[in-house]
Number of protein chains: 2
Amino acid sequence: MDFANAGHDVCAVDNYFRRIIAEETDSEALLPTPTLTERARIFEEVSGKKIDVKIGDLADPDFMNDIVKDYKPDTIVHYAEQPSAPYSMRGAKEARVTFQNNLNVTFNVIWSILEHAPDAHIIKLGTMGEYGTPNIDIEEGWIDVTHKGRTQKFLFPRAAGSLYHTTKVLDTDLLWFYVRTYNLRVTDLMQGPVYGLSSDEADLDPRLTPNFHYDDIFGTLVNRFLVQSVAGIPLTVYGQGGQTRGYLNLRDTLQCVRLAAENPAGPGELNIFNQLTETFSVNEVAAKVKAVGDQKGLNVEIKAIPNPRKELEDHYYNPQHSGLLDLGLKPNFMTDEVIADMLDRIIEHKDRIQIDRIMPRVRWS
Amino acid sequence: MDFANAGHDVCAVDNYFRRIIAEETDSEALLPTPTLTERARIFEEVSGKKIDVKIGDLADPDFMNDIVKDYKPDTIVHYAEQPSAPYSMRGAKEARVTFQNNLNVTFNVIWSILEHAPDAHIIKLGTMGEYGTPNIDIEEGWIDVTHKGRTQKFLFPRAAGSLYHTTKVLDTDLLWFYVRTYNLRVTDLMQGPVYGLSSDEADLDPRLTPNFHYDDIFGTLVNRFLVQSVAGIPLTVYGQGGQTRGYLNLRDTLQCVRLAAENPAGPGELNIFNQLTETFSVNEVAAKVKAVGDQKGLNVEIKAIPNPRKELEDHYYNPQHSGLLDLGLKPNFMTDEVIADMLDRIIEHKDRIQIDRIMPRVRWS
């Protein structure tokens with residue numbers, strides 16, 4: 001919707017895979033989501049802008065190739081991955097589905113571009129989680145390593161905390177190989193957790209509200225804390241709560257992807273941006289949500305529970321993130337007003353919250 | 001054969017995939033190779049040692065799981081990958097086959113071990129090619145990076161020169177994730193190009209001769225030069241010939257794999273060894289083969305041809321490789337006697353050489 005609103009011709013492709021596995025794991029979103037076809041129809045009604053929709057599986061090379069041959073796109077934005085860390089750690093079946101889907105779609109994107117639209121720019125959604133939590137500053141994608149008096153530029157070494165995040169490390173390795181060998185044009189966006197229920201286009205009609213997951217499998221930290229505040233149950237901090245990540249507002253993720261598309265990588269270039277606007281620890285997010293919730297009379301409690309994940313709970317974290325700001329990103333920070341607006345939108349649908357979806361159902365073991 | 005000779009119980013698994021693609025690409029080995037079943041029968045005749053054989057595709061998770069459930073191995077040696085860089089660069093179909101086979105077998109090994117033999121030690125055949133040719137010393141798998149006054153140990157950053165080599169980078173990333181998260185026990189052997197036609201077991205019977213490829217797709221540099229010398233055609237140096245790699249004798253690769261098996265990684269440990277005994281540039285290998293060939297009256301010529309690969313032809317190269325020596329490896333170096341013995345064995349079969357298989361048929365473009 002953001003690209004269409006900005007005057008670009010857009011084709012959106014989905015196989016509803018996330019919806020299917022959300023149903024399988026009793027992890028449906030807070031609000032029912034229209035089909036993509038229906039969503040495009042609503043958007044056209046309210047904006048006059050048309051978005052083409054194709055339903056099919058991009059892990060099928062023929063389906064992917066047919067679309068690329070047909071559209072000859074300038075840009076492909078590749079979001080087509082199983083996006084949940086806990087889902088990828090649930091068992092052998094879920095690990096296999098995640099591994100196969102994510103790697104095969106990336107491979108198919110690469111080859112459909114090489115064969116049918118070699119000048120197209122691939123924008124790949126990576127994740128800040130690729131880097132893990134190293135004890136040195138996280139640079140934007142690359143690092144100059146000086147060792148025994150000699151220096152070499154490398155991809156910043158990655159060590160992710162889930163299979164899902166690891167598939168994105170593998171994606172980056174694979175894209176970088178094809179960039180340097182066959183002159184692909186790629187931008188890899190290392191995105192932090194996104195929060196927010198509002199965008200210019202989503203706000204045109206309540207049926208266009210972004211997908212909002214609050215369960216342990218597809219929901220992220222901010223969503224969980226917001227829903228727990230509204231439901232009157234304690235905010236569950238996993239372990240010590242020192243886990244620090246880079247966050248960004250949904251409005252900023254839209255800006256970032258568009259900035260990447262409108263400032264494409266050249267042939268043989270892999271541009272990497274760390275896509276976040278500010279960093280918080282789990283305890284800091286909890287405190288921010290509690291402060292605003294308490295102002296609304298929600299009497300928010302915070303409670304530590306055993307950490308279902310294998311991760312450092314107290315660590316150094318200093319990711320650089322100037323690249324997108326240099327391209328013109330205007331950050332929307334996680335202010336009290338932003339938190340209050342999200343709480344208000346959730347309060348409207350309080351009766352839909354299923355609290356048994358919130359506690360961890362998947363452990364890293 | 002080496003493991004059986006040393007008293008281990010061995011099951012060998014193959015799907016003859018390399019033979020099939022060697023036939024498809026007119027790249028058969030110099031000598032016909034018996035089936036694995038037939039080879040095990042010959043070996044039992046001459047040594048009295050029995051090797052179980054299973055024929056099937058380890059990219060099929062059920063086939064893999066059934067074997068691991070049945071044998072509950074102490075050690076799995078994972079060689080089940082499409083092994084040719086040029087094959088992986090031949091086109092979309094060959095890239096896909098390489099990518100799918102190599103990643104899926106590694107994934108299946110991991111999960112069959114996690115589910116059915118969690119204490120087993122995985123020995124994975126990696127490649128020195130994972131590292132590429134960085135401008136700093138190549139450490140054994142890991143590097144301490146000091147950056148802005150802080151230090152972190154990382155997997156040594158990898159940047160390989162073909163899709164085949166890149167699949168092994170992805171294997172290493174994936175294994176390292178499962179090692180640190182689920183306490184797998186893994187040794188990853190970064191092997192350089194192997195040469196040699198002789199081992200204690202292969203020498204028991206001429207039908208047990210190692211597979212010897214001299215074509216552009218499955219043959220490696222030393223084999224190509226040996227066959228060109230015998231065939232009376234110039235040794236073809238790709239480009240400037242400064243490309244430097246770490247080599248080892250077939251007898252040493254057998255020692256290394258057994259040393260790794262008999263000194264297993266502990267739970268949650270990824271041991272990485274750089275498996276080579278000496279480094280040579282292409283020009284140095286050509287000069288060594290020419291010197292011995294000329295002594296035999298072969299009048300060897302050396303000729304530079306355009307490089308079909310995308311690689312540095314003049315570069316720094318200093319890989320560390322003390323780990324296997326510390327475990328007891330006794331190197332067999334590439335002496336004139338070793339080269340002379342290989343030439344003699346090839347001269348016996350000179351009439352079988354097909355010279356149209358030797359020049360590059362695949363380009364990195």
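Student: Which strands of chain B does helix α9 (residues 250–262) lie across?

Tutor: Good place to start, and keep in mind that this is a predicted model. Helix α9 of chain B lies across β3, β4, β7 and β11 of chain B, and runs at about 165° to β7(B). Another helix to look at is α7 (residues 163–182) of chain B, which lies across β4, β7 and β11 of chain B at about 150° to β4(B).

Student: In what order do the strands of that sheet stand, and how do they pair?

Tutor: A general idea helps before you trace them: in a regular strand the side chains alternate between the two faces of the sheet. Here, four strands of chain B form an open sheet in the order β3-β4-β7-β11, with parallel pairing. At the edges stand β3 (75–78) and β11 (269–275) of chain B; each has a single partner strand, so one side of each is left without a neighbour in the sheet. From one strand to the next, the twist averages 20°.

Student: How many bridges join β4(B) and β7(B)?

Tutor: Seven bridges, in the parallel sense, between β4 (residues 121–127) and β7 (residues 185–191) of chain B. To find your place on screen, pick I122(B): its bridge partner in β7(B) is V186(B).

Student: What is the pairing in the sheet β8-β10-β12 of chain B?

Tutor: That open sheet of three strands has mixed pairing. Its edge strands are β8 (194–195) and β12 (278–281) of chain B, each pairing on one side only. β8(B) and β10 (residues 244–249) of chain B run parallel and are joined by two bridges. There, Y195(B) stands opposite N249(B) of β10(B).

Student: Now a hairpin. Which residue between β5(A) and β6(A) takes a positive phi?

Tutor: Look at K148(A), with a positive phi near 50°, in a hairpin that has two residues between the strands. The strands β5(A) and β6(A) pair in the antiparallel sense over six bridges, and H147(A) stands opposite R150(A) in β6(A).

Student: Let's turn to helix packing. At what angle do α8 and α12 of chain A pack?

Tutor: Two packed helices are described by the angle between their axes and the distance between the axes. For α8 (residues 221–231) and α12 (residues 336–347) of chain A, the angle is about 55° and the axes are 10 Å apart. The two helices are therefore oblique to each other, and their crossing is right-handed.

Student: Which residues of α8(A) and α12(A) meet?

Tutor: From α8(A) come L226(A), V227(A), S229(A) and V230(A), and they meet M342(A), L343(A), I346(A) and I347(A) of α12(A). By class, this contact has seven nonpolar residues, one polar and no charged. In chain B, the axes of α8 and α12 come within 10 Å and cross at roughly 55°, which makes α8(B) oblique to α12(B).

Student: How many residues does each chain give to the contact between chains A and B?

Tutor: Chain A gives 33 residues and chain B gives 33 residues. On the side of chain A, the elements that give two or more residues are α6 (92–116), β5 (142–147), β6 (150–155) and α7 (163–182). That side has 20 nonpolar, six polar and seven charged residues.

Student: How are the two copies related?

Tutor: A turn of 180° with a shift of 0.0 Å along the axis lays chain A on chain B with an RMSD of 0.0 Å. The two copies are thus related as by a two-fold rotation axis. The same surface serves both copies, as 100% of the contact residues of chain A recur in chain B.

Definitions and conventions: Residues numbered from 1 in each chain as written. Chains lettered and ligands numbered in written order. Predicted model: local features only at pLDDT ≥ 70, side-chain atom pairs only at ≥ 80, totals over all residues. Axes fitted to C-alpha atoms, helices over the stretch in contact; angles between N-to-C directions. Parallel < 35°, antiparallel > 145°, perpendicular 65-115°, else oblique. Left-handed = near helix turned anticlockwise from the far one by under 90°. Contact = placed C-beta atoms within 7 Å. Nonpolar A, V, L, I, M, F, W, Y, C, P; charged D, E, K, R; others polar. Pairing = 2+ DSSP bridges. Least-squares fit on C-alpha atoms with pLDDT ≥ 70 in both.
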